[in-house]
Amino acid sequence: MESGYVTTPFGRRPMSLGMLASQQLAETIEPGMKRSKWKLFRAICEARPALGVTDRALTVLDALLTFYPDDEISEEKGLIVFPSNAQLSLRARGMTPATLRRHLAVLVEAGLILRKDSPNGKRYARRDRAGAVGEAFGFSVAPLLARAAEIESLAAQTVTDRELLRVTRERLTLCRRDISKLIMTALEEEISGDWEGISAMFRTLLARIPRVATAEDLAPLLDEMGLLRAEIVNMLERRIKTQKIDANESQIEHHKQNS
DNA sequence: AATCAGTGTGCATACAACCC
DNA sequence: GGGTTGTATGCACACTGATT
């Protein structure tokens with residue numbers, strides 16, 4: 001077989017490097033490895049952006065996992081699920097077959113599941129006389145087990161990233177609120193200074209805040225915003241000081257006149 | 001030969017994001 | 001505000017090997 005393609009009963013289906021990699025990875029499951037499928041699924045949901053799949057694809061993965069007989073995924077219990085498209089569609093909230101296939105392909109491409117095709121391409125399991133599942137054909141969840149640690153660490157990273165973003169947003173909001181209050185005060189108190197210019201700078205800074213942003217996007221903006229605030233505070237303090245001095249001087253004058 | 005359970009893909013549509 | 005573009009979806013279709 002030439003590389004790059006996998007021969008199926010239905011002709012040649014392109015095989016990506018990622019698929020090859022996840023196939024190899026799936027061979028390397030540590031003995032005794034097991035995971036609660038729903039805990040792992042939640043980690044996958046957290047790590048979703050990093051894994052490069054959509055929420056709809058996860059709906060399909062969710063449906064797929066419902067066909068795994070046990071809560072604990074482990075090699076001993078078998079790693080192949082073999083639902084028909086009809087059953088899968090049913091448990092994927094009635095997802096249309098074509099869409100189902102596309103998302104299955106996405107999951108394979110993302111290295112979360114593997115196809116294990118039967119000779120005729122249908123999904124089924126051979127059972128022995130005792131009724132136990134022998135060889136099964138369908139989708140293998142082996143990559144999930146092989147990548148469990150990686151997935152969990154991606155999920156943890158996502159959580160910390162999100163927290164950092166939240167904190168950064170919070171600081172940014174506080175800072176911009178400070179600035180607009182300070183500017184308002186300056187204008188109301190008619191403190192001298194180029195407040196129009198400051199306002200304009202503030203507005204352009206605000207306009208640079210992306211609607212959707214990462215913490216990395218926001219950090220430099222927060223820095224600039226902080227500098228602007230410091231500058232404004234500085235200006236105000238200087239004016240207030242000189243005004244106080246003026247006031248004192250006029251008081252002294254007043255004093256002199258009175259005395 | 002018809003049917004079944006799979007596979008993929010082209011086309012139309014809907015909707016969101018982006019740009020001017 | 002309106003046009004463009006990209007993505008997801010659903011439908012229809014073509015194809016396959018096994019089975020009846």
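## Contacts with DNA strand C

How far is a phosphate oxygen of DNA strand C from an N or O atom in the side chain of Thr-96? In this predicted model, the separation between the phosphate oxygen and the Thr-96 side-chain atom is 3.2 Å. Two further side chains place an N or O atom beside a phosphate oxygen of the strand: Arg-56 at 2.4 Å and His-103 at 2.6 Å.

Eleven residues surround DNA strand C, and those that come nearest are Arg-56, Thr-99, Arg-102, His-103 and Lys-122. Of the strand's atoms within 4 Å of the protein, 66% belong to sugar and phosphate. The protein surface near the strand comprises five polar, three nonpolar and three charged residues. Helix H6, spanning residues 97-109, contributes the most to this surface, with four residues.

## Helix H2 and its surroundings

Helix H2 covers residues 37-46, and its buried residues are Lys-37, Leu-40, Phe-41, Ala-43 and Ile-44. Viewed down the helix axis, these buried residues lie within an arc of 160°, and therefore they line one face of H2. Lys-39 and Arg-42, on the other side of the helix, are exposed.

Several elements pack against the buried residues of H2. They are strands S3 (34-36) and S4 (72-74), together with helices H3 (48-51), H4 (55-66), H7 (142-146) and H8 (148-188).

## The loop at Thr-28

Thr-28 lies in the loop between helix H1 (17-26) and strand S3. The side chain of Thr-28 reaches the backbone oxygen of Leu-25 at 2.6 Å. Although Thr-28 and Ala-142 are 114 residues apart along the chain, their C-alpha atoms are separated by 9.3 Å.

## Salt bridges

Side chains of opposite charge can pair when their charged atoms come close. The whole structure contains eight salt bridges. One of them joins Glu-46 and Arg-162, with an N to O distance of 3.1 Å. This pair links distant parts of the chain, since Glu-46 belongs to helix H2 and Arg-162 to helix H8, 116 residues apart. Both residues are partly exposed, Glu-46 at 29% relative accessibility and Arg-162 at 46%.

Arg-147 and Glu-150 form another salt bridge, their closest N and O atoms being 2.8 Å apart. Arg-147 counts as buried, at 12% relative accessibility, whereas Glu-150 is partly exposed at 36%. Within helix H8, Arg-166 and Glu-163 are three residues apart, so about one helical turn separates them. The closest N and O atoms of their salt bridge are 2.8 Å apart. Glu-163, Arg-166 and Glu-170 are linked in a network of salt bridges.

Technical notes:
Residues are numbered from 1 along each chain as its sequence is written. Chains are lettered from A and ligands numbered from 1 in the order in which they are written. This is a predicted model: local features need pLDDT of at least 70, side-chain atom pairs count only at pLDDT 80 or more; totals for chains, interfaces and linings use all residues. Side-chain values use heavy atoms; hydrogens and water are left out. A residue is near a molecule or strand if one of its heavy atoms lies within 4 Å of it. A polar contact is a pair of N or O atoms within 3.5 Å; within protein, one must be able to donate a hydrogen and the other to accept it, and residues adjacent in sequence count only if both atoms are side-chain atoms. Helices (H or I, at least four residues) and strands (E, at least two) are DSSP runs, numbered from the N terminus. Ala, Val, Leu, Ile, Met, Phe, Trp, Tyr, Cys and Pro count as nonpolar, Asp, Glu, Lys and Arg as charged, and the others, Gly among them, as polar. Buried means under 20% relative accessible area, exposed over 50%, partly exposed in between (1.4 Å probe, protein chains only). The arc is that of the directions from the helix axis to the C-beta atoms. Contact means heavy atoms within 4.5 Å. A salt bridge is a side-chain nitrogen of Lys or Arg within 4 Å of a carboxyl oxygen of Asp or Glu.
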